[in-house]
Amino acid sequence: MAKERRERKTRQARVSRSLIDGYREQVDRQGDAAAAYMDKAIATYVRKYPDASTAQIRKFTYETMQAALPNFTDLAETLSCEFMSHLAEKYGWDDVNPVINGSTDYKLVDRKLHYLADLLNEGDLDGFKRSVTDVTKFYVKRSAQESMIRNCIDASVRYARVPSGFETCSFCFMLASRGFVYGDEEKAGATHKFHPNCDCIVVPGNYGRTKIDGYDPQGMYDRWKNCAETIGANPDADDKDTNKRIMREVETRDWHWLYTGEAPKVEYKKPRNLLEGHEKSGIDWLQQQGIRLTTNIEIPDAKANIDLTISGVLWELKNATNAESSISNQIGRSRKKWYKLELKTPMKIVISTDGYDGDIESIVTGTIKRLHDGEEAIIISKDNMRRIKK
């Protein structure tokens with residue numbers, strides 16, 4: 001009944017980026033404060049007890065975290081509750097009453113510290129402190145997000161996962177692209193995994209009604225779909241293996257493009273005015289697909305020159321024509337360059353289709369037949385991209 005009443009009263013709401021970023025920064029500050037506290041506590045203990053054993057340092061660290069962490073997680077959860085209450089007022093919800101849940105699982109903390117104690121056995125006290133502060137920050141930030149999830153579930157409110165857009169991992173991108181669809185225990189526990197350095201926050205709202213400045217889940221889904229189609233996968237597949245394959249493709253794209261759709265800049269070490277027409281087309285199309293690349297300088301006396309560098313890896317750029325032998329010839333020419341340069345990595349080729357008037361799938365089929373094990377190809381057109389790896 002409460003859910004039906006809330007749906008009738010829900011207003012269209014636009015949430016400003018400054019509000020989202022302000023909340024994110026407040027939670028981050030609590031995480032940073034908790035991390036600084038633990039760093040200082042461990043340093044003080046080791047200074048006072050220089051002969052302390054690994055077991056003693058680990059025990060002290062756990063007991064300190066158990067005693068101190070609730071002070072910071074409670075503050076982080078309070079921020080989460082205040083944020084939810086503010087949005088509830090904005091949406092016109094009068095039956096949302098978020099509460100602090102106390103979410104930290106100290107058994108997991110203890111297991112993590114047992115693992116990190118190996119750094120102490122190796123004599124790496126600084127590494128141990130860094131890792132502990134990272135874990136501390138993670139638990140504080142996660143407490144705010146998991147508290148928001150439980151409060152949303154209790155109030156029958158949908159929520160979305162909203163990243164900052166600066167550097168979002170492929171898993172978080174997948175979740176964020178779905179928008180305001182989450183709302184049950186299974187998805188909250190199984191799907192909303194948080195990880196160290198995660199820049200996402202959980203935001204309550206309504207699908208189609210809540211608008212967050214700078215967050216465009218439909219556009220993000222379109223780019224998720226683009227990555228899936230590049231490898232011939234179903235973007236809506238409900239199995240882990242397919243999603244992992246798509247996420248690997250997501251990781252080849254520029255993060256800003258994934259979040260906003262804005263094409264990354266090309267680094268022209270070989271000036272654009274020295275490129276041939278099909279090379280310009282291929283590069284432009286790769287750029288529009290979110291591929292960050294560099295055109296390589298040609299060395300006159302070299303045995304061979306490779307056209308592009310993509311994500312630190314060399315790629316040759318060739319163009320397919322309407323001739324049946326075109327694909328075979330271009331792959332063969334590219335492979336010869338790898339042999340001449342005695343490159344240990346398998347050949348990688350971008351096949352552009354400037355001037356080609358056939359079906360791109362015929363190029364895909366021909367390329368699959370001609371690639372050797374380990375070799376990789378990207379077939380690119382104005383509107384389509386396919387990646388093939390043998």
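By class, the lining of the largest cavity holds 6 nonpolar, 3 polar and 4 charged residues, and that cavity is a good place to open this tour. Keep in mind as you click along that the model is predicted.

**Stop 1: the largest cavity**

Select Lys270, Leu275, Glu279, Asn296 and Asp307. Of the 13 residues that line the largest cavity, these lie nearest its centre. The space inside comes to about 70 Å³. Across the whole structure, a search finds 2 cavities of 30 Å³ or more, so let us visit the other one next.

**Stop 2: the second largest cavity**

Now pick Ser103, Thr104, Tyr139, Arg142, Ser143 and Glu146, the residues that line the second largest cavity. Its volume is about 30 Å³. Colour the lining by class and you should find 1 nonpolar, 3 polar and 2 charged residues.

**Stop 3: Tyr23**

Move to helix α2, residues 17–48, and select Tyr23 within it. Is Tyr23 buried or exposed? Its relative accessibility is 3%, under the 20% cut-off, and therefore Tyr23 counts as buried.

To see what surrounds Tyr23, show the side chains of Leu79, Ser80, Phe83, Ala144, Gln145, Met148 and Ile201. These are the residues in contact with Tyr23 once its neighbours within four places in sequence are left aside. For a sense of scale, draw a distance from the C-alpha atom of Tyr23 to that of Trp224: the two residues are 201 residues apart along the chain, and the separation is 27 Å.

**Stop 4: the open sheet**

Switch to a cartoon view and colour the strands β5 to β11. The 7 strands make an open sheet, ordered β5-β6-β7-β8-β9-β10-β11, with mixed pairing. At the edges are β5 (267–268) and β11, each of which pairs on one side only.

Begin at the β5 edge. Here β5 pairs with β6 (residues 293–295) in the parallel sense, over 2 bridges. Select Tyr268 and you will find Thr295 of β6 standing opposite.

Further into the sheet, bring up helix α12, residues 326–341. Helix α12 lies across β8 and β9 (348–352), and runs at about 150° to β8.

**Stop 5: the β11 edge**

Cross to the other edge strand. How do β10 and β11 run relative to one another? They are antiparallel, joined by 5 bridges, and a hairpin of 4 residues connects β10 to β11. For a pair to centre on, choose Ala377, which stands opposite Ile388 in β11.

Although β11 is an edge strand, 4 of its 5 residues are buried, so β11 is largely enclosed by the rest of the structure.

**Stop 6: the second largest pocket**

Stay with β10 and β11, and turn on a surface. The second largest pocket contains about 410 Å³ of space. Select Arg248, Glu249, Thr252, Glu376 and Arg387, which are the closest to the pocket's centre among the 16 residues of its lining. Which elements give two or more residues to that lining? They are α9 (240–250), β8 (313–319), β10 (376–380) and β11 (385–389).

For a last view, colour the pocket lining by class: 7 of the residues are nonpolar, 2 are polar and 7 are charged.

Conventions
Residues are numbered from 1 along each chain as its sequence is written. This is a predicted model: local features need pLDDT of at least 70, side-chain atom pairs count only at pLDDT 80 or more; totals for chains, interfaces and linings use all residues. Side-chain values use heavy atoms; hydrogens and water are left out. Buried means under 20% relative accessible area, exposed over 50%, partly exposed in between (1.4 Å probe, protein chains only). Contact means heavy atoms within 4.5 Å. On a 1 Å grid over the protein atoms alone, a cavity is a set of points where a 1.4 Å probe fits but cannot get out, and a pocket is an open set with protein on both sides within 12 Å along at least five of seven lines; lining residues have an atom within 4 Å of a point. Grid points are joined across faces, edges and corners, and a volume is the space filled by probe spheres set on the points. Ala, Val, Leu, Ile, Met, Phe, Trp, Tyr, Cys and Pro count as nonpolar, Asp, Glu, Lys and Arg as charged, and the others, Gly among them, as polar. Two strands pair if DSSP finds at least two bridges between them. Axes are lines fitted to C-alpha atoms, for helices over the stretch in contact, and angles run from 0 to 180 degrees between N-to-C directions.
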